[in-house]
Amino acid sequence: MYPEVHEIWRNDARMIAPTLWSGIDGIVIDAVGTLIEPSPSVADAYTRAASRQGVELSPVVVRERFGHSFEREELTDQQRALATDEWVEYRRWERIVQDVLPEVPDPIRAFRELWDHFGRADSWRVFDDVASAIDVFQRAGLALRIGSNFDGRLRGVIAGLPVLSPWSEPLLISSEVGFRKPHREFFRAACLSLGCKPSRVLCIGDDLENDVNGACRAGMPSVLLDRSGSRAACQVERFTSLVDIANLFVK
Ligand SMILES: [Mg+2]
């Protein structure tokens, strides 16, 4: 349903690629999959929540159900024109937990446990390359904002992770902005927060549509962080390590 933004990106942004890095004043960087990941995994956390109610499920099945449920929610997001708030996000996760764990006798308990679990900093781990990359960004004099489709719980998560806690305020969270990535308004809010023109803000993230294509449509340069190296076919600027992106700013 989106235009061929890869083509637009190739035609416009790549033309400025040789000077891209010297023309950047700020960075908006995604959170989940880019800076942090659930630890234990989502599948393990859901499997354990089910087990606490006497329901034993395979993490493989749980992972598959979660993927399908998350995809369905993204379709709902499109129908809602990506508008969101804290209640929309709360309801999203309520539905996902019910979808993934239909066998549990007390679905409200499972939802509350998982809602609380993912709102705690100790349920997340910071990727190993983040501290080094942020250090490089800082030494290059770049302003940094974490911009995420998570909800208000992210504030506590980021504040509780020492490597990232200096960036817990201000934080760009879609449920507070009013629109989820890849909506243009999200990126506009990010640039306003940084006090930079869109063309001078680099967006970094692990989601091709939400982080790369969305930013591109908002007039921002963007790069895909493909930690698993599985997106080689994507015709966008792609890196497998955050440090590799940061090192482009080393003079
Ligand atoms: Mg992400």
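## Around Valine 32

Let's start with valine 32, which is partly exposed, with a relative accessible area of 31%. The model here is a predicted one, and in it Val32 helps to hold a metal ion through its O atom.

## The magnesium site

Which residues coordinate the magnesium ion? Asp30 and Asp206 do so through OD atoms and Val32 through O, at 2.1 to 2.2 Å. Along the chain, these donors follow the spacing D-x1-V-x173-D. Valine 32 sits in the loop between strands S1 (26–29) and S2 (36–38), while aspartate 206 belongs to the loop between strand S6 (201–205) and helix H11 (208–217), so the pair ties together parts that are 174 residues apart in sequence. Aspartate 206 is also partly exposed, at 27% relative accessibility.

## Nonpolar cores

The largest nonpolar core has 56 residues, and the members touching the most others are Tyr46, Leu101, Phe137 and Ile204. A second, separate core holds 13 residues, among them Leu172, Phe186, Cys191 and Ala215.

Back in the largest core, what does leucine 101 contact beyond its neighbours within four places in sequence? Its partners are Tyr46, Ala49, Ala50, Leu57, Arg65, Ala110 and Leu114.

## How H3 meets H4

Helix H3 (residues 42–51) packs against helix H4 (residues 59–79) at an angle of about 110°, and their axes are 8 Å apart. That angle makes H3 roughly perpendicular to H4. On the H3 side, Val42, Ala43, Asp44, Tyr46 and Thr47 make the contact; on the H4 side, Pro59, Val62, Arg63 and Phe66 do. The crossing of H3 past H4 is right-handed.

Definitions and conventions:
Residues numbered from 1 in each chain as written. Predicted model: local features only at pLDDT ≥ 70, side-chain atom pairs only at ≥ 80, totals over all residues. Heavy atoms only, no water. Donors = N, O, S within 2.8 Å, 3.2 Å for Na, K, Ca; no water. Helix = DSSP H or I, 4+ residues; strand = E, 2+ residues; numbered from the N terminus. Buried < 20%, exposed > 50% of the residue type's maximum accessible area, 1.4 Å probe, protein only. Core = buried A, V, L, I, M, F, W, Y, C linked by side-chain atoms within 4.5 Å. Contact = heavy atoms within 4.5 Å. Axes fitted to C-alpha atoms, helices over the stretch in contact; angles between N-to-C directions. Parallel < 35°, antiparallel > 145°, perpendicular 65-115°, else oblique. Left-handed = near helix turned anticlockwise from the far one by under 90°.
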